[in-house]
Amino acid sequence: MSHKLQVGEMRASYLTDKEIWSHFNYIFSTKSKNSTTYKFVLIKSILENLYNVNEKLELNYFQLFGSFAKIYWNLVVHHDLNQINMVDKKSEVQKILLDFQMKHNIPKEFVFDKLSDEFQLEIINKVKRKCKVNVMGAIFGDTESTIYDFDNEKEVVRLNSSYYSFMQRFQRVLNYLTNYHLALFLEKFNEQDDTTNILIKVENVSKRSSLDQFYQLLTSYYEGRCFYCDKLIKKKSSAHVDHFIPWSFVQADQLWNLVIACSSCNLGKSDKLAHISFLDILIDRNGELLNKKELKNRSDMKIYTPNKLQQLYEYSNENGFTDIWLPKSTGLSI
Ligand SMILES: [Zn+2]
């Protein structure tokens with residue numbers, strides 16, 4: 001059975017957009033076996049790690065299932081949502097998380113990133129162990145072994161390059177589709193009270209509750225100046241950590257995409273794309289960060305390249321982020 005596979009080798013190197021759409025249509029259809037939410041959460045996890053791949057388009061399981069564990073924890077523990085198509089049963093990963101919660105007496109108010117680093121690590125490892133066997137082979141089978149290679153021993157997945165490019169080009173709509181189908185599944189197999197605003201819950205399930213660790217780090221290097229207007233920000237409460245490429249597109253928090261902004265720039269920019277002149281400034285800024293010994297081995301900085309940021313900028317624009325923003329005080333115009 002395909003979902004028990006330990007190693008999967010890709011059968012095709014080139015896929016047309018039409019072929020990839022048909023795989024997605026299959027995964028989201030009733031023909032695909034979706035007795036749990038695993039496949040939806042795996043696709044969400046790949047999407048959120050799209051720019052965390054190395055130059056061979058490989059993603060390690062720790063990153064992939066780090067996202068998976070976070071999403072699952074927030075759905076199961078924080079939102080109390082059942083993840084299997086039977087009301088009186090629980091999915092395997094759901095059981096792992098609920099057991100962990102009970103053993104350590106963790107209140108349901110705690111979202112994943114509020115847990116200690118040790119707890120997060122332990123949970124990710126448990127989830128990884130289970131998903132390796134149950135999840136990696138399932139989508140692989142659904143797509144006729146075409147979208148990725150995986151190796152459960154080396155714990156790495158390598159994305160097909162046409163599939164990767166497809167996900168970049170259609171990232172936003174794929175995100176909408178996945179969230180929609182996940183929400184639909186959850187609505188069907190949960191009590192009505194728990195599914196209030198279900199789509200909003202699903203859309204925000206990956207969001208960090210606080211970007212404070214990034215704030216501490218960035219202000220220690222940049223003395224609290226706004227990245228966009230260069231104004232000195234005097235009070236901590238008026239300094240915001242801003243996703244240069246909007247969070248609603250990247251759905252991830254990499255240091256190389258985060259800057260400190262004053263509140264008027266942050267609120268003005270909101271979900272828009274900053275003017276392209278800031279792209280080069282950020283590339284230079286990231287070059288400076290990479291020169292710092294203590295930062296260059298961070299997992300997000302290790303895989304960063306200027307090209308990645310340029311691609312992300314280009315693709316966010318192609319995915320509909322066409323409103324370009326400039327701070328008021330620069331004197332530049334669009
Ligand atoms: Zn500013």
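In this predicted model, helix α3 (residues 61-78) packs against helix α5 (residues 117-134) at an angle of about 105°. The axes of α3 and α5 lie 8 Å apart. Angles of 65 to 115 degrees count as roughly perpendicular, and α3 and α5 are therefore roughly perpendicular to each other. On the α3 side, the contact is made by Tyr61, Phe62, Phe65, Gly66, Phe68, Ala69 and Trp73. Their partners in α5 are Leu121, Ile123, Ile124, Asn125, Val127, Lys128, Cys131 and Lys132. By class, the residues of this contact are 11 nonpolar, two polar and two charged.

A second helix pair was examined. Here α10 (212-222) packs with helix α13 (residues 277-290) at an angle of about 95°. The axes of α10 and α13 are 12 Å apart. The angle makes α10 roughly perpendicular to α13. Leu218, Tyr221 and Tyr222 in α10 meet Arg285, Glu288 and Leu289 in α13. Four residues of the contact of α10 with α13 are nonpolar, two are charged and none is polar.

The domain assignment divides the chain into domain 1 (2-203) and domain 2 (212-328). Their C-alpha centres are separated by 27 Å. Contact between the domains involves 13 residues of domain 1 and 16 residues of domain 2.

Attention then turned to open space in the model. The largest pocket has a volume of about 1,100 Å³. It is lined by 37 residues. Phe62, Gln63, Arg208, Asp253 and Ser299 are the closest of these to the pocket centre. Phe62 also belongs to the α3 side of the contact with α5. The lining comprises 10 nonpolar, 15 polar and 12 charged residues.

Several elements contribute to this lining. At least two residues each come from β2 (58-60), α3, α5, α10 and α15 (299-302). Helix α3 gives the largest share, with five residues. Where does the largest pocket lie with respect to domain 1 and domain 2? Both domains give residues to the lining, so the pocket lies between them.

Taken together, these results link the helix pairs to the pocket. Both α3 and α5, packed with their axes 8 Å apart, supply residues to the lining of the largest pocket. Helix α10, which meets α13 through Leu218, Tyr221 and Tyr222, supplies at least two lining residues as well.

How values were computed. Residues are numbered from 1 along each chain as its sequence is written. This is a predicted model: local features need pLDDT of at least 70, side-chain atom pairs count only at pLDDT 80 or more; totals for chains, interfaces and linings use all residues. Side-chain values use heavy atoms; hydrogens and water are left out. Axes are lines fitted to C-alpha atoms, for helices over the stretch in contact, and angles run from 0 to 180 degrees between N-to-C directions. Helices (H or I, at least four residues) and strands (E, at least two) are DSSP runs, numbered from the N terminus. Angles under 35 degrees count as roughly parallel, over 145 as roughly antiparallel, 65 to 115 as roughly perpendicular and the rest as oblique. Contact means heavy atoms within 4.5 Å. Ala, Val, Leu, Ile, Met, Phe, Trp, Tyr, Cys and Pro count as nonpolar, Asp, Glu, Lys and Arg as charged, and the others, Gly among them, as polar. On a 1 Å grid over the protein atoms alone, a cavity is a set of points where a 1.4 Å probe fits but cannot get out, and a pocket is an open set with protein on both sides within 12 Å along at least five of seven lines; lining residues have an atom within 4 Å of a point. Grid points are joined across faces, edges and corners, and a volume is the space filled by probe spheres set on the points. Domain bounds come from an automatic or database domain assignment.
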